[in-house]
Amino acid sequence: MDTQRDLQLIALLSTVRDAVAEELFTRLTELGFAELRAAHGCVFSNIDDGGSRLTDLAERSGFTKQSVGEAVADLERLGFVERVRDPADGRAKIIQLTAHGREALTASLEIFADIERRFSEEIGRERYAQFRQTLLDLQGLSQASAEPARRAA
């Protein structure tokens, strides 16, 4: 393998991820959401339509409850989320998107759709669909291989 030309898998994935993230945050800034950061993704990508408990956001995102709590506190301060009583358990709180948070989520989803549409057009719909399916397969394999380590911990 020629290390100058043949990048390791992690470098390939990182390069694409970084380019997508840069476009996302550049476009969000242009739309008036300049205060959003990558760290907020653990909330936006895992929150249910009706809101979610902090523990659920942490579990879905794979981050600690403390780090997700920091992201929630920041988003709350910025007006993207609010904490409300859980109707099923008055002692618990549900994190919900505010109207501003829903606007940001909608904008993000539209940007991601534009990026995927462009990728699909550039490399071809069939190749892009295969690429996505391969990533999903690899994600499943990665989660399956990590499961024994999680049980042992």
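**Exercise 1. Which residues of helix 5 are buried?**

*Solution.* A quick note before we dig in: this is a predicted model.

Step 1. Start with the list. In helix 5, the buried residues are Gly 101, Ala 104, Ala 107, Ser 108, Ile 111, Ile 115 and Ser 120.

Step 2. Think about helix geometry. An α-helix makes a turn every 3.6 residues, so residues three or four places apart point the same way. Keep that in mind as you look down the axis of the helix.

Step 3. Zoom in on one of them. Ser 108 belongs to helix 5. Its relative accessible area is 12%, and the cut-off for buried is under 20%, so Ser 108 counts as buried. Setting aside neighbours within four places in sequence, Ser 108 is in contact with Leu 24 and Leu 28.

Step 4. Check the length of the helix. Helix 5 has 25 residues, and its first and last C-alpha atoms lie 36 Å apart, close to the 36 Å expected at 1.5 Å a residue.

Step 5. Look just past the end. Right after helix 5 comes Gly 124, with a positive phi of about 100°.

**Exercise 2. Work out whether the span of helix 4 fits its residue count, then describe what packs around the helix.**

*Solution.*

Step 1. Helix 4 covers residues 65-78, which makes 14 residues. At 1.5 Å a residue the span should be 20 Å, and the end C-alpha atoms are indeed 20 Å apart, so the two agree.

Step 2. Find the buried positions: Val 68, Gly 69, Ala 71, Val 72, Asp 74 and Leu 75.

Step 3. Ask what covers them. The cover includes helix 2 (41-44), helix 3 (54-61), strand 1 (81-86) and strand 2 (89-97).

Step 4. Take Val 68, which sits in helix 4. Its relative accessibility is 0%, so Val 68 counts as buried. Leaving out neighbours within four places in sequence, Val 68 is in contact with Cys 42, Val 43, Leu 54, Leu 57, Ala 58, Ser 61 and Phe 63.

Step 5. Now do Val 72. Not counting residues up to four places away in sequence, Val 72 touches Val 43, Leu 54, Leu 57, Val 81, Arg 83 and Ile 95.

Step 6. Finish at the end of the helix. Gly 79 follows helix 4 and has a positive phi, near 85°.

**Exercise 3. Which residues have the most contacts inside the largest nonpolar core?**

*Solution.*

Step 1. Recall the background: nonpolar side chains tend to be buried together in soluble globular proteins.

Step 2. Here, the largest nonpolar core has 24 residues, and Leu 36, Val 43, Val 68 and Val 72 have the most contacts inside it.

Step 3. Trace where this core comes from. Helix 1 (9-30), helix 2, helix 3, helix 4, strand 2 and helix 5 (99-123) each give two or more residues to it.

**Exercise 4. Describe the largest pocket and its lining.**

*Solution.*

Step 1. Get the volume: the largest pocket comes to about 1,800 Å³.

Step 2. Find the residues around its centre. The lining has 44 residues, and the closest to the centre are Arg 17, Val 20, Ala 21, Ser 45 and Phe 112.

Step 3. Assign the lining to elements. Helix 1, helix 2, helix 3, helix 4, helix 5 and helix 6 (125-152) each give two or more residues. Helix 1 gives the most, with 10 residues.

Step 4. Sort by chemistry: 26 lining residues are nonpolar, 11 polar and seven charged.

**Exercise 5. Is Glu 23 buried or exposed, and is Pro 87 buried or exposed?**

*Solution.*

Step 1. Glu 23 is in helix 1. With a relative accessible area of 19%, against a cut-off of under 20%, Glu 23 is buried.

Step 2. See what Glu 23 touches: Ile 115 and Arg 118, not counting residues up to four places away in sequence.

Step 3. Pro 87 lies in the loop between strand 1 and strand 2. Its relative accessible area is 82% and the bar for exposed is over 50%, so Pro 87 is exposed.

**Exercise 6. Sketch the whole fold.**

*Solution.*

Step 1. Count the elements: six helices and two strands. From the N terminus on, they run α-α-α-α-β-β-α-α.

Step 2. Box it in. Along the principal axes, the C-alpha atoms fill roughly 60 × 45 × 30 Å.

Step 3. Add burial: buried residues make up 27% of the 153 residues.

Technical notes:
Residues are numbered from 1 along each chain as its sequence is written. This is a predicted model: local features need pLDDT of at least 70, side-chain atom pairs count only at pLDDT 80 or more; totals for chains, interfaces and linings use all residues. Side-chain values use heavy atoms; hydrogens and water are left out. Helices (H or I, at least four residues) and strands (E, at least two) are DSSP runs, numbered from the N terminus. The expected span of a helix is 1.5 Å times one less than its number of residues. Buried means under 20% relative accessible area, exposed over 50%, partly exposed in between (1.4 Å probe, protein chains only). Contact means heavy atoms within 4.5 Å. A nonpolar core is a set of buried Ala, Val, Leu, Ile, Met, Phe, Trp, Tyr and Cys residues joined through side-chain atoms within 4.5 Å. On a 1 Å grid over the protein atoms alone, a cavity is a set of points where a 1.4 Å probe fits but cannot get out, and a pocket is an open set with protein on both sides within 12 Å along at least five of seven lines; lining residues have an atom within 4 Å of a point. Grid points are joined across faces, edges and corners, and a volume is the space filled by probe spheres set on the points. Ala, Val, Leu, Ile, Met, Phe, Trp, Tyr, Cys and Pro count as nonpolar, Asp, Glu, Lys and Arg as charged, and the others, Gly among them, as polar.
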